[in-house]
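Here are my notes on the model you sent over. Have the structure open while you read.

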Amino acid sequence: MPTTTTQIRLPLGRETSPETLRYINEHLATLSPTEILEWAMDTLPNLYQTTAFGLTGLVTLDMIHKISTERQQPHAVPLIFLDTLYHFKETIALAQQCQETYHVPLKIFRPSDYTTAKAFEHDNGPRLWETDEATYDYLVKVEPAHRAYAELNVQSVITGRRRSQKGDRESIPILEIDSTGLIKLNPLAYWDYQQVWTYIRANKVPYNALVDQGYRSIGDWHSTKAPSTEGDNERSGRWSNSQKTECGLHKDYFKMRAAFVAAKNKKKEQEESHRSSIRIAT
């Protein structure tokens with residue numbers, strides 16, 4: 001077993017043993033988020049940051065920019081932004097502002113073959129997030145993300161997840177490897193909301209204008225509202241009145257894809273059965 005994290009030789013992936021991953025996480029937990037990011041930038045292969053420009057992602061973006069500046073190099077970690085076609089206009093404006101402020105490469109991916117919500121709804125029906133939530137998540141988040149990973153040859157991603165966000169995130173490690181072998185780094189896993197917000201203010205980091213209206217966690221406009229009380233969990237405004245805590249992006253890809261294919265085939269069978277019934281009736 002190596003004595004320091006920097007001595008660990010890649011590739012990391014699906015074959016990485018739980019013992020090795022546990023050892024790395026124990027070491028990373030002793031580092032600051034900036035030190036974790038420095039290690040990642042030097043160590044993890046084909047590294048990108050996935051972000052919807054939430055507060056944690058913005059802190060990470062700013063930290064990476066500072067590290068890159070200190071090293072006298074361009075912004076070292078490109079961004080991947082999944083435009084679901086249902087983001088708030090404030091989020092889209094922030095994405096452009098961050099690109100200009102940090103001079104960061106920004107790769108935007110949308111649902112396959114769609115550039116507008118109108119076209120998406122023409123083919124998939126209105127309010128798909130209500131009528132078939134799993135299919136919606138797959139089409140606007142899961143499939144575009146994995147298309148991005150394939151096209152850009154992504155092997156490692158930095159996320160904005162934190163334990164204090166509760167739900168499925170409550171016990172996330174700093175470093176993890178998903179079922180596809182994708183390496184995921186959660187550099188601010190141990191920070192809480194106040195630490196994130198303090199950094200944003202102290203470093204004059206651009207942030208979403210909706211935060212000043214009480215929003216803490218901001219996703220699609222149709223599934224986001226401001227938390228109702230100051231004591232609410234910061235993600236309580238997402239998917240309110242629902243048990244849902246994740247959009248599918250951090251769930252098992254193979255299970256999500258299998259469920260999507262099964263639902264698609266079932267819908268096709270129902271449509272064919274309906275057409276057959278009409279032919280018989282006439």
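The points below go from the whole chain down to single residues.

1. Keep in mind that this is a predicted model. The mean pLDDT of the chain is 86, and 78% of its residues reach 70 or more. Residues 1–5 are the stretch to treat with care: pLDDT is below 50 there, although the model still gives this stretch 11 contacts beyond near neighbours in sequence.

2. As for the overall build, I count nine helices and six strands in the chain. Of its 282 residues, 46% are buried. Among contacts with a separation of 6 or more, 70% join residues 24 or more positions apart. About 14800 Å² of the chain is exposed, with 49% of that coming from carbon and sulfur atoms.

3. The largest nonpolar core holds 49 residues, and within it Leu44, Phe53, Leu175 and Leu185 touch the most other members. Two or more residues each come from helix 1 (18–28), helix 2 (33–43), helix 3 (55–70), strand 2 (79–82), helix 4 (89–102), strand 5 (175–177), strand 6 (183–185) and helix 8 (193–202). Helix 3 is the top contributor to this core, with seven residues.

4. Click on Leu175 if you want a way into that core. Setting aside neighbours within four places in sequence, Leu175 is in contact with Leu12, Leu21, Ile24, Asn25, Leu28, Trp39, Leu44, Ile183, Lys184 and Leu185. Leu44 and Leu185 from point 3 turn up in that list again.

5. There's also a second core, separate from the other, with 11 residues. Its members include Tyr86, Tyr114, Tyr136 and Tyr138.

6. Now for the aromatic rings: the model has 12 aromatic pairs. One of them is Tyr114 with Phe120, whose ring centres are 5.3 Å apart and whose planes sit at 80 degrees, so this pair counts as edge-to-face. Tyr114 and Phe120 are both buried. Ring pairs also tie Tyr86, Tyr114, Phe120, Trp129, Tyr136 and Trp221 together as a cluster. Tyr86, Tyr114 and Tyr136 therefore appear both in this cluster and in the second core, where buried nonpolar residues are joined through side-chain atoms within 4.5 Å.

7. Last one: is Arg169 buried or exposed? Arg169 has 8% relative accessibility, and because the cut-off for buried is under 20%, this arginine counts as buried. You'll find Arg169 in the loop between strand 4 (156–158) and strand 5. The Arg169 side chain also makes a polar contact with the side chain of Gln165, at 2.8 Å.

How values were computed: Residues are numbered from 1 along each chain as its sequence is written. Side-chain values use heavy atoms; hydrogens and water are left out. Buried means under 20% relative accessible area, exposed over 50%, partly exposed in between (1.4 Å probe, protein chains only). Helices (H or I, at least four residues) and strands (E, at least two) are DSSP runs, numbered from the N terminus. Contact means heavy atoms within 4.5 Å. A polar contact is a pair of N or O atoms within 3.5 Å; within protein, one must be able to donate a hydrogen and the other to accept it, and residues adjacent in sequence count only if both atoms are side-chain atoms. pLDDT is the predictor's confidence in each residue, from 0 to 100. Accessible areas come from the Shrake-Rupley method with a 1.4 Å probe; for residues, only the protein chains shown count as cover. Rings of Phe, Tyr and Trp (its six-membered ring) pair if their centres lie within 6.5 Å; planes under 30 degrees apart count as stacked, over 60 as edge-to-face and the rest as tilted.
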